[in-house]
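Visitor: Could you walk me through the covered parts and empty spaces of this model, and tell me what earns each one its label?

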Amino acid sequence: MERSRTAVVYDAESGDDHERQGTVWTATSHIVAAVVGSGVLALAWTVAQLGWVVGPLVLLGFSCVTYYTSALLADCYRYPDPVDGAVNREYIDAVRCYLGRKNVLLCGCAQYVNLWGTLVGYTITASTSMIAVKRVNCFHREGFGAGDCNPSGSTYMVVFGLFQLLLSQLPSLHNIAWLSVVAVATSFGYSFISLGLCAAKWASHGDVRGTLAGAAVDAPREKAFNVLLALGNIAFSYTFADVLIEIQDTLRAPPAENKTMKRASFYGLGMTTVFYLLLGCTGYAAFGNDAPGNILTGYAFYEPFWLVDIANICVIVHLIGAYQVFAQPIFARLESCVACRWPDAKFINATYYVRVPCLRSSGSSPPTTVAVAPLKLVLRTILIMFTTLVAMLLPFFNAVLGLIGALGFWPLSVYFPVSMHVARLKIRRGELRWWMLQAMSFVCLLISVAASIGSVQDIVHNLKAAAPFKTSD
């Protein structure tokens with residue numbers, strides 16, 4: 001029997017031999033893990049805003065667009081030929097090769113703003129789940145509606161931020177690989193618990209609640225903004241373009257990486273879409289137009305309290321790991337920029353080794369030595385503190401998720417893949433294919449802009465509602 005061949009990529013610039021053994025199924029699992037996240041908790045509310053007709057159609061539409069543009073992006077993993085060309089290890093490398101350096105700045109801004117916005121969203125979501133654990137247990141002891149069961153979220157955001165400060169001092173992403181595995185497992189845990197709770201709620205009354213047009217509100221303007229916010233939530237739930245190239249970089253060849261990646265994208269997005277439809281539609285059937293913004297924390301479930309607690313704890317553990325996965329690229333970029341700007345500064349290049357007496361492998365062994373880099377300590381502390389502060393100022397789950405999804409969807413999932421596809425195939429301006437691709441990109445741009453408007457309006461509305469007093473005439 002012929003042994004399977006393992007691809008080995010050589011990076012001439014760094015001299016690094018990079019062995020890749022991934023298959024279509026490992027890539028599929030990476031895609032599902034990247035896509036399925038805290039956005040699933042808002043799906044019932046999202047479908048409730050759009051209704052039984054438009055809601056499922058929009059979920060399917062975003063799935064189709066995401067698959068098509070991910071297939072375009074998969075062909076840009078190598079340059080100039082998608083099968084035999086030089087390898088691009090990161091998204092921004094593909095943009096540099098196909099579109100030139102002038103687009104690298106725009107791509108970098110879109111990527112890192114999206115990554116940082118995700119950190120803000122994760123801080124809000126984690127604190128919301130912490131509050132839900134305390135509230136559910138309080139209601140179980142004191143009875144539903146007890147007045148002292150609604151703690152402030154700011155304290156929990158600070159606790160979450162302090163925990164991230166400790167994790168951020170780990171040397172690199174490789175040192176928290178185990179945390180990523182735990183994060184993936186817990187994300188599936190709370191997703192399936194949410195589906196089970198919604199199914200049980202639906203079975204308890206047996207009616208298919210909701211309407212064809214979705215939730216009705218008194219003002220048409222408010223309905224329009226809720227629909228736009230729902231679109232942003234769906235965009236957030238499907239975005240994974242910023243990690244697609246990195247996932248493709250794990251695949252062995254033959255077969256060609258782009259073909260394997262296209263199959264993996266089809267399987268991964270297909271499974272994700274089926275799950276999204278199940279959870280969104282089951283939640284809408286269970287709650288109707290009163291579906292909560294967060295299915296686990298929005299006063300939807302309190303019993304069995306232990307199961308709701310497990311689901312929320314899974315959310316917290318998942319976001320602890322996911323936060324670091326999204327934060328490490330930002331840390332690396334900031335530290336690289338500072339080191340390039342002041343290459344000879346002692347503070348930047350210094351590393352101190354601190355002995356920790358309480359950490360010993362055995363009683364007679366010397367204390368463990370921990371490396372402390374002042375630059376890393378200061379920069380990462382400032383970033384995490386700033387992120388936590390912004391989350392405390394904008395503690396609105398649905399609105400922040402919608403804004404992150406709206407800002408990241410068009411540039412990363414549509415514009416750059418389409419532009420690189422046009423450049424790779426040398427499609428001339430004015431051709432039918434060019435017009436069709438530009439039309440799709442323009443429609444997605446309009447959706448992103450509209451969803452951003454809806455999200456910002458919801459943030460402003462919530463800020464006004466949360467104001468301690470109103471000025472009287």
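Visitor: What makes you say that helix α8 is mostly covered?
Guide: This is a predicted model, and in it six of the eight residues of α8, which spans 241-248, are buried. The label buried needs a relative accessible area under 20%, and Ala241, Asp242, Leu244, Ile245, Ile247 and Gln248 get it. So with six of eight under that cut-off, "mostly covered" is a fair call for α8.

Visitor: Why is the space lined by Thr66, Thr69 and Ser70, among others, called a cavity?
Guide: Because a 1.4 Å probe fits there but cannot get out. The lining also includes Leu73, Phe240, Ala241, Leu244, Ser413 and Pro417. Helices α2 (43-74), α8 and α13 each give two or more residues to that lining, and α2 has the largest share, with four.

Visitor: How many cavities of 30 Å³ or more turn up in the whole structure?
Guide: Just one. The largest cavity holds about 40 Å³ of space.

Visitor: How do you know what character the lining of the largest cavity has, nonpolar, polar or charged?
Guide: Sort the residues by type: five are nonpolar, four are polar and none is charged. Leu and Phe, for instance, count as nonpolar, while Asp, Glu, Lys and Arg would count as charged.

Visitor: And the second largest pocket, why is that called a pocket and not a cavity?
Guide: Because a pocket is an open set of points, whereas in a cavity the probe cannot get out. About 630 Å³ of space lies in the second largest pocket. It has 27 lining residues, and those closest to its centre are Thr128, Thr297, Pro395, Phe396 and Phe397. The elements giving two or more residues to this lining are α4 (104-142), α5 (153-168), α7 (220-238), α13 (397-425) and α14 (432-466).

Visitor: Which helix gives the largest share of that pocket's lining, and what is the mix of residues?
Guide: Helix α4 does, with five residues. The lining of the second largest pocket divides into 13 nonpolar, 12 polar and two charged residues.

Visitor: What makes residues 266-285 and 305-326 count as "transmembrane region"?
Guide: That label comes from UniProt, in an unreviewed entry, which also lists 24-44, 50-69, 176-204, 377-397, 403-423 and 435-454. Such annotations may be inferred rather than shown by experiment. In the model, residues 266-285 are 100% helix, with the end C-alpha atoms 28 Å apart. Residues 305-326 are 100% helix too, with 31 Å between the end C-alpha atoms.

Definitions and conventions
Residues numbered from 1 in each chain as written. Predicted model: local features only at pLDDT ≥ 70, side-chain atom pairs only at ≥ 80, totals over all residues. Heavy atoms only, no water. Buried < 20%, exposed > 50% of the residue type's maximum accessible area, 1.4 Å probe, protein only. 1 Å grid on protein atoms, 1.4 Å probe; cavity = no way out; pocket = protein on both sides within 12 Å on 5 of 7 lines; lining within 4 Å. Points joined across faces, edges and corners; volume = space filled by probe spheres on them.
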